[in-house]
Each structure stands twice: as C-alpha cells, then as structure tokens.
Amino acid sequence: MVPGPAVKRVIDANKNQVFASVEAAYRLHDSGSTLNPDSYFLRYPSNPSARIIALPAHIGGEVQKSGIKWISSFPANRATNLARASAVLILNDASTGYPLACLEASLISATRTAASAALAAESISPNPFAGTLAVIGTGIIARTTVEWLLFRNWNFDRIKLYDVDHNEAEHFSKWLRDQCNLQANIQDSLADAVTDSSLILFTTTALDPYLADKELFAQSPTVLHLSLRDICVNVILASQNIVDDVDHCLKANTSLHLTEMQTGNRNFVSGSLVDVLEKRFKLDPQRPRIFSPFGLGVLDVAVGNFVLEAAKSSGEAVELPDFFSNSARW
Ligand SMILES: NC(=O)c1ccc[n+]([C@@H]2O[C@H](COP(=O)([O-])OP(=O)(O)OC[C@H]3O[C@@H](n4cnc5c(N)ncnc54)[C@H](O)[C@@H]3O)[C@@H](O)[C@H]2O)c1
C-alpha cells in the first residue's frame, strides 16, 4: 500500500523521472506495446455532474505491469472544500495477474495529466517557455499543471485567471503569490482572459461547450484543453487538433466527439502528441493548436509503477503480509 504522503514525496523528489515515464508511456502506446481498453463510466441519473470512472490498462516494454485506476469526480465537493477527484490505483503483476499494490491515485492522476500537458505545451508551441498564460477554471488540475509548466522552466510575462467562481480564482492567485512568488490578474470574463494569451489552459468542469467565438483565438494560441468540453465545434474546426489517442478522445461527448458527430468524419484531427514528437505532420503556427488528451490509463500505470518501486526502495510502502493467504492451491 502506498499512502498519499509517500506518493507526494516520491513525485516531488523525482520530477524528471516522472516526466520521462509519461513520455515513455505515450511512446509505448504509440508503438502498440500497451493495452488501453475504453474507460467505464458509473453515472448517477439524479446527479449528472458526478461519476466514477474505471480505467484499466497494461504496459508492456520494460514495465510489464497492468492495473486499474478507479477515480471519482464529484464537482459539488468543492462547496465543502473537498477535492473533486479521489482515486485508488491497483497495480497487477502481468505474469500471474496478482494485484501487487494499492496506491493513493488522485495525485498520480493529477501528476500524469499535468506532466503530459507540459510535454504537449512545449512540443506544440511555436515559441515555447514564454508568453502570456490564461487559466480557465482555477482548481486542482490547473494548479498541478502550472506547477509542471514552471518545473519545465516556463517563464510567463503575464498570468490571467478566470473562474466562474471568483473565490476559486482568489485562492489560485494567493497560491501563486505565496508558493511561486508570481502575480496573476483575475479577469471578469472569459474573453478578457483568453484574448492575447499565447498559452491557454482549460481545466473547468463544464459539461457542454461554451467557447463559440473564433475571434477569441485570433492570436493562434496553444490551447491545453484538459477539460475536453469547453470549445464549440466551429472553433475546433478552425484549429489544429492534437490528441493522446484518437479513438479515446472521440467519445463521451467531448468537443472532439461532438465535432465528429456533426461532420461525420475525423479529418479535423491532425494526429497524436507522439506524431508531433516524431514530426509526422507539420504544426501550423497560423492556427490555434489545441491539445485534447482523454487521459490514458497507461499513464497512470506508468507513473504508479514508478511511485511503487521508489516507495519500496525508500521504505515508504506499507506492507500487508499474507494478504492473499489462500493463494497456494493445495
Ligand atoms: N484530460 C485529462 O486527462 C484529465 C485528467 C484529470 C482531470 N481532468 C479534468 O480537469 C477538470 C478540472 O479538474 P479539477 O480537479 O481541477 O476540478 P476542480 O473542481 O478542482 O476545479 C474546476 C474549476 O473550474 C471552475 N469552472 C467550472 N466551470 C467553469 C467555466 N465554465 N468557466 C470557468 N471556470 C469554470 C470551477 O469553479 C472550479 O474552480 C475536470 O473537468 C476534469 O475532468 C482531465
């Protein structure tokens, strides 16, 4: 068992290796050395914003681990200062199938999301590591992503924040000031935050797209569309779209899925992040470049496996001897 504080210590102490494990997992996925079936959604008809998702996955290559992340998303938790997401990750031995470990996974999930967003940001921006950042939806995933952008040495001339809940933007601004020594401007509207920003991060909990004005992206920004359901079909169609996995991204009523349903094709997707890293298509600096990652279970298994091995080495993993007391057949 690896509890949250141990997960945090391992990640904080090994950010370069965690970043490398995320990129390696994407590359293994690209080369066909992973299994990443569809996520499974438990939804509540009486509470449509809440869900619990199961993400099973297997990584081959040198990792050879399987696992499943079971992650809850309850946006209303925010009202009592409880994080929206909570999660566990079970890792399995891929040769016997036996579960090996249970890890606290909300931080693993946020970390793999943020590290992959940072990798995308520097890979798809014409002038990376500088410019004006806009953060739309200033919660936990935004905070983690900004931490990783700063870790990767982005240096912003300006940071603009917009959240439908002004208090959330105030919390974020205070965190930036106290923890990162950075000043941010809280904006009163989406348009004020987005206009003239070169890197735009969407981390809201919107269920339906609302950004329909193409002029808001007239400066051809790099867009990290982590919340997947913010940008309307006409703006998706006017942009270059980069995904983590096209089959996954065009599901569950994401902006890209709605675009496919409206157009009847997938021609608006240029390719995956690994296609960008491998220069298999040309990035277009004259159009907005939108990275929409569905969030692959293979990333959770990759980061979780790294955390487990490091926590075992440092003695921070909690052993449960004889958990499978009946595993011998006779
Ligand atoms: N693609 C991925 O791999 C991935 C992984 C993890 C989380 N996510 C997504 O990231 C999003 C954010 O997660 P979180 O844990 O930070 O949530 P959170 O509840 O901590 O923060 C979300 C913030 O967005 C704000 N918000 C909601 N609707 C808005 C709107 N229309 N405009 C501006 N602000 C708005 C809320 O007030 C809140 O402050 C979620 O949608 C989650 O599903 C994506």
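A polar contact is a pair of N or O atoms within 3.5 Å; within protein, one of the two must be able to donate a hydrogen and the other to accept it, and residues adjacent in sequence count only if both atoms are side-chain atoms. The exercises below concern a predicted model, in which local features need pLDDT of at least 70 and side-chain atom pairs count only at pLDDT 80 or more, while totals for chains, interfaces and linings use all residues. Residues are numbered from 1 along each chain as its sequence is written, and side-chain values use heavy atoms, with hydrogens and water left out.

**Exercise 1. The ligand**

Describe the shell around the ligand and how much of the ligand the protein buries.

Solution. Begin with the shell, where a residue is near a molecule if one of its heavy atoms lies within 4 Å of it. There are 23 residues around the ligand, and the closest are Arg84, Ile141, Asp163, Thr204 and Pro293.

Next, look at individual atoms: a backbone N or O atom of Thr204 lies 2.6 Å from an oxygen atom of the ligand, a polar side-chain atom of Arg112 lies 3.0 Å from an oxygen atom of the ligand, and a polar backbone atom of Ile140 is 3.1 Å from an oxygen atom of the ligand. Taken alone, the ligand exposes 870 Å², and the protein buries 90% of that; such areas come from the Shrake-Rupley method with a 1.4 Å probe, and for residues only the protein chains shown count as cover.

Finally, place the shell in the fold: helix H3 (106-124) and helix H4 (140-151) are the elements that give two or more residues to the shell. Helices here are DSSP runs of H or I with at least four residues, strands are runs of E with at least two, and both are numbered from the N terminus.

**Exercise 2. Salt bridges**

Which residues does Glu278 link to through salt bridges, and where in the chain do Glu278 and Arg27 lie?

Solution. A salt bridge is a side-chain nitrogen of Lys or Arg within 4 Å of a carboxyl oxygen of Asp or Glu, and the whole structure has 17 salt bridges. In the pair formed by Glu278 and Arg27, the closest N and O atoms are 2.5 Å apart. Glu278 is in the loop between helix H10 (273-277) and strand S14 (289-292), whereas Arg27 belongs to helix H2 (residues 15-30), and the two are 251 residues apart. The network of salt bridges links Glu23, Arg27 and Glu278.

For a second pair, Glu309 and Lys312 meet in a salt bridge at 3.5 Å, N to O; because they are three residues apart in helix H11, about one helical turn separates them.

**Exercise 3. Positive phi**

Is Asp196, a residue with positive phi, buried or exposed?

Solution. Asp196 has a phi of about 70° although it is not a glycine, and its place is the loop between helix H6 (190-194) and strand S10 (199-202). Buried means under 20% relative accessible area, exposed over 50%, and partly exposed in between, with a 1.4 Å probe and protein chains only. With a relative accessible area of 61%, Asp196 is exposed.

For a second case, Ala252 has a positive phi of about 60° and is not a glycine; it lies in the loop between helix H8 (246-249) and helix H9 (255-263), and at 24% relative accessible area Ala252 is partly exposed.
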